[in-house]
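Visitor: I should like to go through this model by question and answer. Please let each reply set out its reasoning before it reaches the result.

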Amino acid sequence: MFQVSTLNKKQFNAAASETLLAAALRSDVLLEHSCKTGRCGACKVQVPVGSTIAVMDELGLTLREKLTGWVLTCARTALCDLQLSVEDLGGLRLHPAKTIPCRIQGLERLAPDVVLVRLRLPPQQDFRYHPGQYVDVIGPGGVRRSYSIANAPAPDQLIAFGKFLAEALPSFLITQVSMLGM
Ligand code: FES
């Protein structure tokens, strides 16, 4: 186990076999993140002390960022004790991820490549989220597309928008929505 510390002096242990983000979350240290797959860049940090190794492609970083020492906590494991150039998100607690059946109520094309999706949630569904979270719409064959949430929590409706995918969306009559992390 290696010891990892943040700028605001939070500390957690990270095994050589787990990503820095996974180790932080396991220890209730909430670091900013989203996709957990090295694509979005939300978890990028610098490592002023210590060294890490990438366990997956860091597609969320530009070449310039890579050359100037930025890494992704969801894609890196520790090689020794280290310090991250980031503060944790304090007392914020994420709502747990959940997958629920959902019906598409309407589609609206906002721009040539942007679509707004109205999703009807099941009655009594306790579906909560924080600003900045998004949903994955999972369609036939497991096709998954991410959409930004565009409305405040409401009892039965979720409004989201994202890139227009003509080949996928109109066939989604009944689909599933999966709530993911930040
Ligand atoms: S790149 Fe998306 S969470 Fe790490």
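Visitor: In the hairpin of β1 and β2, which residue takes a positive phi?
Guide: This is a predicted model. The hairpin has five residues between its strands. One residue of the loop between β1 and β2 has a positive phi near 70 degrees although it is a residue other than glycine. That residue is Lys9.

Visitor: Is Lys9 buried or exposed?
Guide: A residue counts as exposed if 12 or fewer other C-beta atoms lie within 10 Å of its own. Lys9 has 8 C-beta neighbours inside 10 Å, so Lys9 is exposed.

Visitor: Phi of Lys36 is also a positive value; is Lys36 buried or exposed?
Guide: Lys36 is found in the loop between α1 (20–26) and β3 (44–46), and its phi is near 65 degrees. The threshold for burial is 20 or more other C-beta atoms within 10 Å. With 20 C-beta neighbours inside 10 Å, Lys36 counts as buried.

Visitor: In what order do the strands of the open sheet lie?
Guide: Strands β1 and β2 pair in the antiparallel sense over four bridges, with Gln3 and Asn13 as bridge partners. Strand β1 (residues 2–5) also pairs with β7, in the parallel sense, over two bridges; there Ser5 stands opposite Gln83. The edge strands are β2 (11–14) and β7 (82–83), each pairing on one side only. The pairing is therefore mixed, and the order is β2-β1-β7.

Visitor: Which residues form the covered face of β2?
Guide: Strand β2 has two faces, one covered and one uncovered. Gln11 and Asn13 belong to the uncovered face. The covered face consists of Phe12 and Ala14.

Visitor: Which element gives the most residues to the largest nonpolar core?
Guide: In soluble globular proteins, nonpolar side chains tend to be buried together. The largest nonpolar core here has 18 residues, and those with the most contacts inside it are Val4, Ala14, Leu20, Leu21, Ala23 and Ala24. The elements that give two or more residues to this core are β2, α1 and β5. The one that gives the most, with five residues, is α1.

Visitor: Which residues does Val4 touch, not counting residues up to four places away in sequence?
Guide: Val4 is among the residues with the most contacts inside the largest core. With residues up to four places away in sequence left out, Val4 touches Gln11, Phe12, Ala14, Leu20, Ala23, Ala78, Leu82 and Leu84.

Visitor: How many residues does the second, separate core have?
Guide: Val117, Val135, Val137 and Ala160 are included in this second core. Its number of residues is 10.

Visitor: Why does strand β8 lie largely in the open?
Guide: Strand β8 runs over residues 99–111 and has 13 residues. It lies largely in the open because the number of its residues that are buried is one.

Visitor: How many bridges join β8 to β9?
Guide: A hairpin joins the two strands, β8 and β9, through two residues. Strand β9 (residues 114–120) runs antiparallel to β8, and Arg103 stands opposite Arg120 in β9. The number of bridges is seven.

Visitor: How far apart in space are Asp88 and Val29, C-alpha to C-alpha?
Guide: Asp88 is found in the loop between β7 and β8 and is buried, with 20 other C-beta atoms within 10 Å. Leaving aside neighbours within four places in sequence, Asp88 is in contact with Thr6, Asn8, Lys10, Val29, Leu30 and Leu31. Asp88 and Val29 are 59 residues apart in sequence, whereas their C-alpha atoms are 6.3 Å apart.

Visitor: Is Thr68 buried or exposed?
Guide: Thr68 has its place in the loop between α2 (63–67) and β5 (70–72). Gln46 is 22 residues away from Thr68 in sequence and 8.6 Å away in space, C-alpha to C-alpha. Because Thr68 has 10 other C-beta atoms within 10 Å, it counts as exposed.

Visitor: Of the contacts in the protein with a separation of 6 or more, what share comes from residues 24 or more positions apart?
Guide: The secondary structure comes to two helices and 13 strands, and 25% of the 182 residues count as buried. For contacts with a separation of 6 or more, the share from residues 24 or more positions apart is 60%.

How values were computed:
Residues numbered from 1 in each chain as written. Predicted model: local features only at pLDDT ≥ 70, side-chain atom pairs only at ≥ 80, totals over all residues. Contact = placed C-beta atoms within 7 Å. Core = buried A, V, L, I, M, F, W, Y, C linked by C-beta atoms within 7 Å.
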